[in-house]
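Colleague: Could you take me through this model, beginning with the ligand and then the contact between the chains?

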Amino acid sequence: MLKRKPGFYGIASTIIAILLIFPFGDLILQLFQKPNENWMEIKEFLLRDYIGNTLILVFFTALFSLLIGTTLAWLISAYDFPLRKFFRWALILPLAIPSYILAYTYASMSSYTGVVQVTLRSWLGTGLDQRYFNIMSMPGAIFILSISLMPYIYMILRAFMEGQSASLIESGRMLGKSHLGIFFKVVVPVSRAALVAGTSLVVLEVLSDYGVASYFGIQTFSTAIFRSWFSLGDIDSAIRLAAILMVFVLALLFLEKILRGRRSYSMSNTKHRPLSRKELKGPMAFLATSYAGIILLLGFLIPVGQLIYWAVLTYKDTLGNEAWILGLNTLGIAVISAIIILVFGIIIANYARLKNNLLSKIYSKISLLGYSIPGAVVAITMILFFIHLDRWLAPLYRIILPGAPALVLSMSLVLLVSAYVLRFLAVGFQSIDGGFERIGRKYHDASKMLGHGEASTFFRVDLPMLKPALLSGFSLVCIDIIKELPLALILRPFNFNTLATKVFDYANDERIPEASVHSLLIVLIVAIGILILNKTLDKEKNNEHKN
Amino acid sequence: MNIKIENLTFFYPGNKKPSLKDINLEIKEGEIVSIFGESGSGKSTLLRLLAGLEHKGSGTIDMDGVRVLGPNSFVQPEKRGVGMVFQDYALFPNMNIEKNIAFGLNKMSNDKKKARVKEMLELVNLEVFAKKYPHELSGGQQQRVALARALAPAPGCLLLDEPFSNLDTDLQVRIRGELKEILLKAKVTTIFVTHDRADVRALADRVAVLCEGIMVNLGTVEETIDQ
Ligand SMILES: Nc1ncnc2c1ncn2[C@@H]1O[C@H](COP(=O)(O)OP(=O)(O)O)[C@@H](O)[C@H]1O
Ligand SMILES: [Mg+2]
């Protein structure tokens, strides 16, 4: 037998990695073209605003979600107070509302005819002055994004605090430090890696946001890229903006690496015991419950309540066949993309586990790449690439599809699904990679020693043990895709709608109440997904306890 | 199984120092050979190379005249007819004891498989645990399951990596005796790794002593470690 037979995983991983980076070739080539006049204008007059707005939005959103997420995670894991158990999972729920839906809902609620102004007028005889209290502004956008992204930090930190930091916190307690002292002197430094991971997730989401900024009229990189391209038809400038945005992203990733330090953050630490909580009494307990309650009200209960109210008013017109078809479209796209992502993720993660060489490490990094690339950039990249691909395949189309239009793939769902795979592969990959890490190599080796080849070992040994990781990867990817707006908006085929694009259309027509049924469908599907996910993760953790 | 190792040298990727250097060792059918040495001396690495779980070594390994490792040849672990008991047993947690033992018998008919599993369970005295899962068994019992699982496909050679290191001291003494009996019954060529002289005395026909990847001594128990 030949000594170095290239294995299935090596070849397949190489192909996937090439597919993932190939599309960026076009984008980079375009950068070396001579800039046009429009770009000169953007550079001279607008670029400063784009950079400034983006930085302000990113900085304050990160700051506030960090503040809220950290304090909530600490409160939930270190103290006992009324309704703590309920808040523990309920505080994840704001994640079920896409930030653009939160934005539309709050904007509509605080408009002149919205519930806030009407109530205030009837109570006080006067509403809030729109000049001072206008949610459709930078502070409003920061509020919306912070509230809706805060759960990322809350979840990562809570898992961390309930897990590995218990012994550290307890030793801090033994040394007679106060609770607050422990928080700042022990918890924050120890959980630095988790904090940085959560924060960079939030920052990437903000950079990717299109829905909130465009509705509130804030010029960020994402909105500028879309505007250059679709309103002004200036692809060249859109590409240049995308490139600058990528420079920011790379700087962020570099910063993250430095801040994280050498310790990489991992949730799957072996043995841990829950932190013993301190019971809060009297006013402190009231304060804790109120704080958690207010965040939950603002981030979930109020907007959902408003959506339900609108839905009751409008469902007769909006909850028809069409809504169900859109729901199926959305789910279908999510499931197809998620399956492809899981297959790709398994191949690359397994190659990394079995080979653990430089090449496999590069492939792992490549599959993580997409998540750091803002939706607007992914959109441009994929369109350019697919138009190119279609031109290139044109002779083939003439043979097998005579009479077809010039653009076949770029007009089909293949484009959107490919973009989703590129952008969300990281989410699935990370779950699977974590799963493989937990399993390790020994069962694989044992199976081979018992006469099973690579394929049989995978299906009989690895796959059954990987099931929880696959399940959580699948749910996470589906959740992300169902909530996703900009890619769906731009890359969908003509006449193809998802729940998210429909909501966007309604909002653009200033018919936000009519969007409520579709919005609620998204919230409902995503909330169910999140709760299932939360359960599986908790169960997995308990199992680890037993072993 | 007759095994012949010649000039075997092995580096882990990224290491400057070889984990094994120029190993030469011949093992005869039915022999029980111990690889003895301190932690980090390369014992597990040698076993993994014999098993086929590592393949970047230079030098050669022949098994019953077949070149399983060499400049232009490599036989995959699943094709070598070698059984292995891992240090932490690696019993599949999602399969019960019966299924674990039957795992290496997938080419047999169902009836034959059943009979073989029963035979193995009797050999290691665990008939009543057939339907239990690995985590429901004690360490010593798990170890015997791992042994039964490795022996079930009737391998030409059995590799054991520190077979007693995860057991309490009392248990170690008892299981050593049991293991010897089982190995003699199964008549299988055995290579076992240990850092404990008592293991060697109780079980080995011959000993290879490793030190920092180099084989510094080879011979009977009296000729080597008893000196
Ligand atoms: N996966 C690995 N990667 C790099 N070096 C390793 C790896 N496994 C073992 N080594 C090194 O190889 C040497 C021999 O290790 P090993 O064979 O496990 O020794 P033993 O089993 O005798 O304790 C040690 O120096 C160890 O650090
Ligand atoms: Mg060892």
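Modeller: The ligand comes first, and the chain contact follows. This is a predicted model, in which local features need pLDDT of at least 70, side-chain atom pairs count only at pLDDT 80 or more, and totals for chains, interfaces and linings use all residues. Residues are numbered from 1 along each chain as its sequence is written, chains are lettered from A and ligands numbered from 1 in the order in which they are written, and side-chain values use heavy atoms, with hydrogens and water left out.

Colleague: Which side-chain atoms lie by an oxygen atom of ligand 1?

Modeller: A polar side-chain atom of Lys43(B) is 2.9 Å from an oxygen atom of ligand 1, and one of Ser44(B) is 2.7 Å from an oxygen atom of the ligand. The protein covers 59% of the 560 Å² of accessible area that ligand 1 has on its own (Shrake-Rupley method, 1.4 Å probe).

Colleague: And a nitrogen atom of ligand 1: which residue lies 3.0 Å from it?

Modeller: That is Asn15(B), through a polar side-chain atom.

Colleague: Changing topic, how many residues does each chain give to the contact?

Modeller: Chain A gives 21 residues and chain B gives 32; contact means heavy atoms within 4.5 Å.

Colleague: How many salt bridges are there between chain A and chain B?

Modeller: The count is three, where a salt bridge is a side-chain nitrogen of Lys or Arg within 4 Å of a carboxyl oxygen of Asp or Glu. One of them joins Glu78(B) and Lys448(A), at 3.4 Å from N to O.

Conventions
A polar contact is a pair of N or O atoms within 3.5 Å; within protein, one must be able to donate a hydrogen and the other to accept it, and residues adjacent in sequence count only if both atoms are side-chain atoms.
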